Structure formats: structure tokens, C-alpha cells
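The following note sets out several points for a colleague examining this structure. Please read the points alongside the sequence and the coordinates.

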Amino acid sequence: SDLDAYPGERAMVGEVNLASAGLLAPYYGQGDELHMVFNFSLLRAKWDPDRWAELIADSEAALAPSEAWPVWVLSNHDTPRHRTRYGGSGQRARVAATVLLTLRGTPFLYAGEELGLEDAEIPAGRRVDPGGRDGCRAPIPWTGESDHGWSGPPWLPWPPTPRIRNVDALRSDNDSILHLYRRLVAARAGSPALQLGEWRLLDAPPGVLAYERRHEGDTRRVAANFDEQNLTVLEHEGWTVDVATDRAREQAPWDGQLGATEAVVLRPA
């Protein structure tokens, strides 16, 4: 292809806006089409672990036979941010991040989701986009100062609570969602299972999405509680909490208990 004429490594990603992984599969090619294709199914999905499990399994079934590489996304510039879609819940945003960054494939992040941003409220007189997409396109607050790190007035209103939810503040808080994203990215980088491993759904009680990733002797398990009550899930012998939405649980033995709207990544003890 023409892309191969450029030096070095390169990849082509397609924003193919179709409703299922089965419809996306033909857009992958062996040197003549796309290397990766955005899958927006989780972006469109309601907050339901059974639905998420179904969509992930559908993607595996559609793409694995041709060795196509999945792409996952939760937010973009055309859709309300996922924290907004989840009713403003910061805990749901943390659980969703844990799933996004531990699935087989490449996760794409929309700028600001690592800060747990919600959509800005746009008064009628400040609207720019006739399609009503301004809320997710609001400027990112960098600091807690009145200008939030920008020179001059912004083109749109700020997202909610910018004096508290800004880059500087979240960088200084080790318990913030920003640091959760960083720990999840580091866990991916240090685990062949999370980078390349197969994906296998695990049995779990209602309200929980649980799965295993395995590659050449390396194994990780992920358990995500979508429910607002504490649950007992999975076997607990022989596992350690590698990453958790509650940082205080990390590097401790796994006790099989998930708190309300909580997720963990487990490694063998």
C-alpha cells in the first residue's frame, strides 16, 4: 500500500462507524487494508456487565479467526464523555478504565478521560457545534488558577469543578484517577498476558464482569463489579492484587471480595 512507502514502522487506524465487530472484520487486511479499526460497541453500551461481556466476546469471535487486532474506546469528540454517560460516577469511570486497559487489543484514550472529566454544561449563547457535541470538547483545565493554564478566555465553558479537577491537582494526588490510569498502563507494559494474551470470560456472580488473560506462562485476572453492593467473587487462594480502583488494596493478597463499583487486576502470588 502507499503507507508502506514511508520509512520506519507505521500503522493505519480506521474510524469505521459500524454497529458490530462482525461488520468491522472485513475492513482489516493483510497488507492492503487497515491495520486496526475502531470498535465503538463499548462506547454505545449501557452500564451492564452482561452486555459488556457479550460485546467483548462478539469481538473475539469476529476478529480472532483472521488474527485481526481489536481496538477499544470509551469516549471521543462526537459522544458525551463516558463519566457523563455513567451518571457522573467517578467510581464507574475507574471501573471502566480498568476494563478498557486490560482487554485484548489496543485501547485509545480521549484527552481528559484520564482526569475523569465530565461534559461541560453549554449555555445556549456559548454553543459552537450545531450537532450539540460541545460538552465533550470543552478545554482541559491544567491548573487550579482562574485561567486554568490557558492564555485568554476559552472557546467553551470549563468542565465541572475545574479548580479541583485539573491536571496539577490530580498529579499531586496519588489516589486520583490519573494515577490509576498510569498504574494500569504500567501493568500492561510489564505483563505479556495483558499485552498479547488470549481473553477468556470467567464465571462470576451477577453484576460482575470477570475474565482471564494468559500468554506463555504469564496470567492476569480482572474482576469488575458493576453493582453498587459488595460481592464475593472468584477464588482467592494464590492471587495478589496488582492494580485496583482503590489503591490501598494493591500489592496485598486477594481475599475474593469486591467492594461496590470496584475493579481489580490480579496476578499470581
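1. In this predicted model, Glu 198 has Arg 214 of strand 6 as its bridge partner. The pairing belongs to an antiparallel arrangement in which strand 5 (residues 198-201) and strand 6 (residues 208-215) are joined by 4 bridges.

2. These two strands form a hairpin, with 6 residues lying between them. Within the turn, Gly 207 adopts a positive phi of about 95°.

3. Strand 6 also takes part in the largest nonpolar core, to which it supplies at least two residues. This core comprises 33 residues, and Leu 42, Trp 52, Leu 103 and Leu 209 have the most contacts inside it. Helix 3 (49-63), helix 7 (177-189), strand 7 (218-225) and strand 11 (263-268) are among the other elements that each supply at least two residues. Helix 5 gives the most, with 6 residues.

4. Leu 209 merits separate inspection. Beyond its neighbours within four places in sequence, its contacts include Pro 49, Trp 52, Ala 53 and Ile 56, as well as Val 99 and Leu 201. Val 222, Ala 223, Ala 224 and Phe 226 are also in contact with Leu 209.

5. A second core, separate from the one above, has 14 residues, including Leu 24, Leu 63, Ala 68 and Val 73.

6. How many cavities of 30 Å³ or more does a search of the whole structure find? The search finds 1, and the volume of the largest cavity is about 40 Å³. Its lining consists of Ser 75, Arg 81, His 82, Arg 83, Ala 93, Glu 113, Gly 116 and Leu 117. By class, these lining residues are 2 nonpolar, 3 polar and 3 charged.

Conventions:
Residues numbered from 1 in each chain as written. Predicted model: local features only at pLDDT ≥ 70, side-chain atom pairs only at ≥ 80, totals over all residues. Heavy atoms only, no water. 1 Å grid on protein atoms, 1.4 Å probe; cavity = no way out; pocket = protein on both sides within 12 Å on 5 of 7 lines; lining within 4 Å. Points joined across faces, edges and corners; volume = space filled by probe spheres on them. Nonpolar A, V, L, I, M, F, W, Y, C, P; charged D, E, K, R; others polar. Pairing = 2+ DSSP bridges. Core = buried A, V, L, I, M, F, W, Y, C linked by side-chain atoms within 4.5 Å. Buried < 20%, exposed > 50% of the residue type's maximum accessible area, 1.4 Å probe, protein only. Contact = heavy atoms within 4.5 Å.
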